[in-house]
Amino acid sequence: MTTVSSGAGIVADAVIPAPVELVPAEGVLDLTTVTVDAADAVVVRLAGELLATTGASVVPDGGTPVALTLDATAGPAGSSSPERYTLTVTAAGVTVAAPERAGLLHGVRTLRQLVNAGRRETDGPLEVGAVVVRDEPRYAWRGLSLDVVRHWFGPADLRAVVDLVGSYKMNRLHLHLSDDQGWRLEIPSRPALTEKSSQGAVSGAAGGFLGVDEYRELQEYAAEREIVVVPEIDVPGHVNAATHAYGELTPSGEPTDTYDGIEVGFSKLHIDLPATEPFLRDVFTDVARMTLGPWVHFGGDEVLTMQPDEFGRFVALCQEIVTGAGKTPVAWQEAAGSAHGDQSAVAALAGEATPDHAAPDDAAPDDAVPDDEEPALVRPGTVLQYWDTRPDPAPFLRAAEAGARFVMSPADRAYLDMKYTPEHPLGQQWAAFVELHDSYDWDPAALIEGLPESAIEGVSAAVWTETLLSRDDLFSMLLPRLAAVAETAWSQPGAKDWESFRSRVALEAATWRREGATYHPTPQIDW
Ligand code: TNX
């Protein structure tokens, strides 16, 4: 990226994630009063809302013109990304050109950061230096995975998260909606899930759930901002909320007790019980029907006490149901057929780390490890979310060959529930301490040796909420690290620069302060 500071108070190097190309020019534009013009009324409204957060007055006409136009020739030379855009600021006005509405919003997001950077805290002038930005993302999937089970975050918090994610041009919000402690999405065909299992959370905290209408409204709110909600119902492990609601899912027929601890890996479904397949069909068919986006995540992680054969049957069945319901399946990396077979990897992870990831007593025997001849479990197009960087890469290469796509969430970089440092009051530490630089300085294409870059769909930060009780707790783990993961997902490796990022984060923090967003003041930044 070209980076220049052009004159008093006008900061060009202020954009997170770093754009492909940013060329400052002569002149300054006043944005105290703006008038947005676009063919699409929703785009006009959203652009107005975004620009109003800078302090600009948005008026129907007569303000500084901000013209948003669909234009297939926009973006960096040779770009074919549907999200590309060109932002042009001259002394006369602003234009954003993009082939699709996502690019129009991205251009306005960039403009907003440029205005905010010049303005710093509350008092600076509402102006921006002349500039041309041509930009496109490196990866199509740039997301945040959020656990709303261990602690419940309701619609207002989720809308705030959508806004935050969007401000860094991320476009997926993956919600972890079921686990041992609670069930967070109304399923019309299985009402007991939320009637009996939605009210708990970790350590007796209050639960909650999204009703059918709330779920639709949240997705619509996100979709307006070009963010797709990806729902996760986690099976065949992490299912105590389900077995509490429906005793027929357990071998004894008795419902399990509620659970409010933070251990993982102890609960599971049983493929051969007569109630299991109808349950999965009902749940995933309803979730697919209620979901606006193309993906449904069926979990598949940390099933520590299941034989590989049974696990493989679950993976096949879930993919069949989700695909049959018209959606693309997403699953944690275990669905590639490695970690569930190679219990040594999971047990090692557990043993070294914390008792919360305790090794199971009845882990599968070593001879359960699939050999190289075994066919991949995943279907072409299935998206695998990669989190544990330790297992043998062979099953992932096999999955890629079978047509699987990869979303990278390496726990030691992108798990934003990890403590920043040993002293950090919130978070866990089983994967690593993850300071800002750790979440910045990694390459998604270098994680799995031998994986072709073409198999990488993108990057997702993830935040698990065992220790996070409030929106402030959550935001203090997301900020500033979400900005680092967003840049890793959007920007080409050559456009990333840690020293530049440090100064851009410091500028961005003025916006967080002004908008009341809690962030962690890591000593790695000169705030
Ligand atoms: C692992 S990584 C989990 C979650 C926990 C998290 C805590 C993965 C797919 N599952 O169940 O909440 O660790 O950091």
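**Notebook: helix pairs, unusual backbone sites and domains**

I began with helix 1 (residues 41–52) and helix 2 (residues 101–119), whose axes come within 9 Å and cross at roughly 15 degrees. An angle under 35 degrees counts as roughly parallel, so I recorded helix 1 as roughly parallel to helix 2. I note here that the model is a predicted one.

I then looked up the hand of this crossing, and helix 1 passes helix 2 in a right-handed manner. Next I listed the residues that meet. Helix 1 contributes V43, L46, A47, L50 and L51, while helix 2 contributes R101, L104, L105, V108, R109 and R112. Sorted by class, this contact holds 8 nonpolar and 3 charged residues, with no polar ones.

**Second helix pair**

I turned to helix 7 (residues 276–290) and helix 8. Their axes come within 9 Å and cross at roughly 40 degrees. I entered the crossing of helix 7 over helix 8 as right-handed. On the helix 7 side, I found E277, L280, R281, F284, T285 and A288 in the contact. On the helix 8 side, I found L317, C318, I321 and V322. The classes in this contact are 7 nonpolar, 1 polar and 2 charged residues.

**Cis peptide bonds**

I looked up the bond between V235 and P236, which is a cis peptide bond with omega of about 0 degrees. I located P236 in the loop that runs between strand 10 (228–235) and helix 6 (240–245).

I also recorded a cis peptide bond from L479 to P480, where omega is near 10 degrees. I placed P480 in the loop between helix 13 (471–478) and helix 14 (481–490).

**Positive phi values**

I checked E226 and found phi near 65 degrees, a positive value in a residue other than glycine. E226 belongs to the loop between helix 5 (212–224) and strand 10. Is E226 buried or partly exposed? I counted 19 other C-beta atoms within 10 Å of E226, and therefore entered E226 as partly exposed.

I did the same for E302, a residue other than glycine whose phi is also positive, near 50 degrees. I found E302 in the loop between strand 11 (295–299) and helix 8 (308–324). Around E302 there are 22 other C-beta atoms within 10 Å, so I entered E302 as buried. The cut-off I needed for this step is 20 or more such atoms.

**Domains**

Last, I looked up the domain assignment of the protein chain. The assignment gives domain 1 (21–135) and domain 2 (141–350 + 378–502). I noted that 34 Å separate the centres of domain 1 and domain 2, taken over C-alpha atoms. How many residues does each domain give to the contact? Domain 1 gives 7 residues, and domain 2 gives 5 residues.

I then asked which elements of domain 1 give two or more residues to the side that touches domain 2. These elements are helix 1 and helix 2. The largest share of that side, 5 residues, comes from helix 2. By class, I sorted the residues of the side of domain 1 that touches domain 2 into 4 nonpolar, 1 polar and 2 charged.

Note on methods:
Residues are numbered from 1 along each chain as its sequence is written. This is a predicted model: local features need pLDDT of at least 70, side-chain atom pairs count only at pLDDT 80 or more; totals for chains, interfaces and linings use all residues. Axes are lines fitted to C-alpha atoms, for helices over the stretch in contact, and angles run from 0 to 180 degrees between N-to-C directions. Helices (H or I, at least four residues) and strands (E, at least two) are DSSP runs, numbered from the N terminus. Angles under 35 degrees count as roughly parallel, over 145 as roughly antiparallel, 65 to 115 as roughly perpendicular and the rest as oblique. A crossing is left-handed if the near helix is turned anticlockwise from the far one by less than a right angle, and right-handed if clockwise. Two residues are in contact if their C-beta atoms, placed from the backbone, lie within 7 Å. Ala, Val, Leu, Ile, Met, Phe, Trp, Tyr, Cys and Pro count as nonpolar, Asp, Glu, Lys and Arg as charged, and the others, Gly among them, as polar. A residue is buried if 20 or more other C-beta atoms lie within 10 Å of its own, exposed if 12 or fewer, and partly exposed in between; C-beta atoms are placed from the backbone. Domain bounds come from an automatic or database domain assignment.
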